[in-house]
Amino acid sequence: MNNYSNKEKVKGGRAKPGFSAQKKEVGNREAYQALDFSADKKNLRKVGNSIFSGAVGFSVLFISVLILLMLFSLFMTSFPAIKASGFSILTGMEWHPESGKFGGWPFIVGTLMTSALALLISLPFSLAISLALGEYYKTGIISTIISSSIQLLAGIPSIIYGTWGLFVIVPIVQKIQMGMADKGIIPFGLSIITASVVLAIMIIPYSASLARDVILQVPQDLKEAGYSLGGTRFAVIRRVILPYSMTGIFAGEVLAFGRALGETMAVAMVVGNLRKVPANIFSPGATIASVIASEYNEASPLHAAALTELGLILFLITIIFSFAGRYIINKRSIK
Amino acid sequence: MEPMYTQTKEDNPVSAIRERILRNTAKNRIVDKIFSFLVALFSIVMLIPLVAILVFIAYKGLSHIHIGLFIHDERNGGILNAIIGSLMMVLMASVIAVPISVLTGLYLSENKNSRAADVVRNIVDVLQGIPSIILGIVAYLWLVVPFKSFSAFSGSFALSIMMMPIIIKNTEESLIRVPDSLREAGYALGIPRYLVMLQVVIPAGISGITTGVLLSVSRILGETAPLLFTAFGSRDLSFNLAKPAEALPPLIYKYATSPVNEWIDTAWAASFLLVLAVLALNIITGILTKKWKINY
């Protein structure tokens, strides 16, 4: 506290009229006032500092324990279901809450199927967009058009995608299904493929912008080396840009997959919510998120516990994918 | 330093590439043309769903929108209760999320190299990846079950957790760019640390913080899943945070999946309003970011 005790000097400094800055920098006055080291000011400094660091500490702690608390209470709530049916939530084929059968396999399959299909559908588009933005049109009107429409797509709420899918994609799929009626497919329109198409549109902005960032990082001299060897643009993309950015693009796809796994509303509206393992991509099914959304409110205690357990599984799967994606990205950037 | 370079199978990558690239030039050129065409085609095809969604929503929404929607609650054929509910819950969520997130972002930027900050950063990443429906379950378990009633507040809590990672990241990014010389100037004047933070560092990075808040608001404005079993929905106009409340997205869900034609029409009108609000927020955020961008 030694430096605070020199009250006279500071006061003297404050009173000096010669400072030309006095008029211009009114802000200085506040700073000088903070320098008024009377006893209560000193106290205020201490109290202020400790309140502030207390608030910061609380916030950081809150964020840090939040996930642990969530996992804990999800686990505690799903405990009755774990006790009642053990691992059958993972392997059981039948979901009949009315008769106490809680097999989650249909939903796990449905979740993985819709997300994987969505990723497959979105891959060519997101690659094309990331190449267009990262290599072909880095600036200019085309780049602006593409990137702002990507931003708009990313901003549209999932409920809107769901509504649009329900009234636009579903009839289209229905027509396709009618053509396959002889294969025993009932033309509901609501199906795994419908959900995948909607999901694909939703994740394209995400994976495309991640891939674009990676492609933009490819060093210019590497590309120029490729061109100087007489390579066409395609050759440079294939031999230089893609190999260089492959891990980053892959990590982006992993993150996009994780996002698709947890998407709820858009899927719940178009997937059909049928509690059976989908026979093929044109049959209706359900995902973990969609079954929680559609059944949680009317669930009996054990049913709710089973749904919470499904939620816990989904939570863990998404954590794994988000860690995997970030791990790949970080590992790459350390090089 | 050797540039990072993905090696082809051959020992000498340069000659290998050269050999492959230069072989059969005419064919390569055609392949190149085709590939450019494909990139352009797929990029443009991507615009179709965007245009389709916007046009469809605007067409359907505009033809079913009428003034009655804004002055009546659901019992009288309007959606006023959902609009008020959405605003109320978003406001409450911001009140919870903003202070905690800004302070956490500040912590991360002030301790950028510490191990603890790395851990917190990872946690924030995980938090961002949590499916929103899970947050709904958690808010239900923490705030609906103990109080034995669905409430707008529990919905706000779920939404606030969604906001946090976005605000934290934006705050950190913008505060990290505030030069140390500003902080040091503050300390040199003898200003206490908390005032340096509150009156120098945070104001200097306020544009990034505002961007984060606006982005997070535009994200949660359209969220349905966390509200399904927290705010639950109500057909009456209510300002009470302890009571169930309706919001626009769950209302769209309820109406769009209903068999009643008038309800579906209302769902379109509500969808149009929601898209308009979210896109307007996004565009405003974009403009503000550009306008306020301060380079130190």
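This is a short viewer tour of a two-chain model, moving from whole chains to single residues.

Before you start, note that the model is predicted: local features need pLDDT of at least 70, side-chain atom pairs count only at pLDDT 80 or more, and totals for chains, interfaces and linings use all residues. Residues are numbered from 1 along each chain as its sequence is written, while chains are lettered from A and ligands numbered from 1 in the order in which they are written.

**Stop 1: the two chains**

Select chain A and colour by secondary structure. You should find 14 helices and 2 strands; here helices (H or I, at least four residues) and strands (E, at least two) are DSSP runs, numbered from the N terminus. Of the 335 residues of chain A, 44% count as buried. A residue is buried if 20 or more other C-beta atoms lie within 10 Å of its own, exposed if 12 or fewer, and partly exposed in between, with C-beta atoms placed from the backbone.

Now switch to chain B, which has 13 helices and 0 strands. Its buried share is 45% of 296 residues. Which contacts tie chain B together? Among those between residues at least 6 apart in sequence, 75% join residues at least 24 apart; two residues are in contact if their C-beta atoms, placed from the backbone, lie within 7 Å.

**Stop 2: the outline of chain B**

Show chain B as a C-alpha trace and turn it around: along its principal axes it spans about 75 × 65 × 35 Å. The radius of gyration of chain B is 25 Å, whereas a compact globule of 296 residues would have one near 19 Å. That radius is taken over C-alpha atoms, and the globule rule is 2.2 Å times the number of residues to the power 0.38.

Next, colour residues 1-45 of chain B as domain 1 and 58-292 as domain 2, bounds that come from an automatic or database domain assignment. The C-alpha centres of these two domains of chain B lie 45 Å apart.

**Stop 3: where the chains meet**

Bring both chains back. The contact takes 77 residues from chain A and 75 residues from chain B. On the chain A side, helix H4 (residues 39-85) gives the largest share, 17 residues.

**Stop 4: a bent helix in chain A**

Select residues 105-136 of chain A, helix H6. Its 32 residues reach 44 Å from first C-alpha to last, close to the 46 Å expected at 1.5 Å a residue; the expected span is 1.5 Å times one less than the number of residues. Where does H6(A) bend by about 40°? Look at Ser122(A), with Pro124(A) following within four residues. The bend is the angle between axes fitted to the seven residues ending there and the seven starting there.

**Stop 5: two positive phi values in chain B**

Pick Lys148(B), in the loop between helices H7 (132-144) and H8 (152-176). Its phi is near 55°, a positive value in a residue other than glycine. Is Lys148(B) buried or exposed? It is exposed, because 6 other C-beta atoms lie within 10 Å.

Then go to Phe232(B), in the loop between H11 (206-221) and H12 (248-256). Phi of Phe232(B) is near 70°, again positive in a residue other than glycine. Phe232(B) counts as buried because it has 21 C-beta neighbours inside 10 Å.

**Stop 6: Glu172(B)**

Finish in helix H8 of chain B, at Glu172(B). Glu172(B) counts as buried because it has 28 C-beta neighbours inside 10 Å. Leaving out residues up to four places away in sequence, Glu172(B) touches Gly105(B), Leu108(B) and Ser109(B). Add Val102(B) to the selection: the C-alpha atoms of Glu172(B) and Val102(B) are separated by 8.2 Å, with their positions 70 residues apart along the chain.
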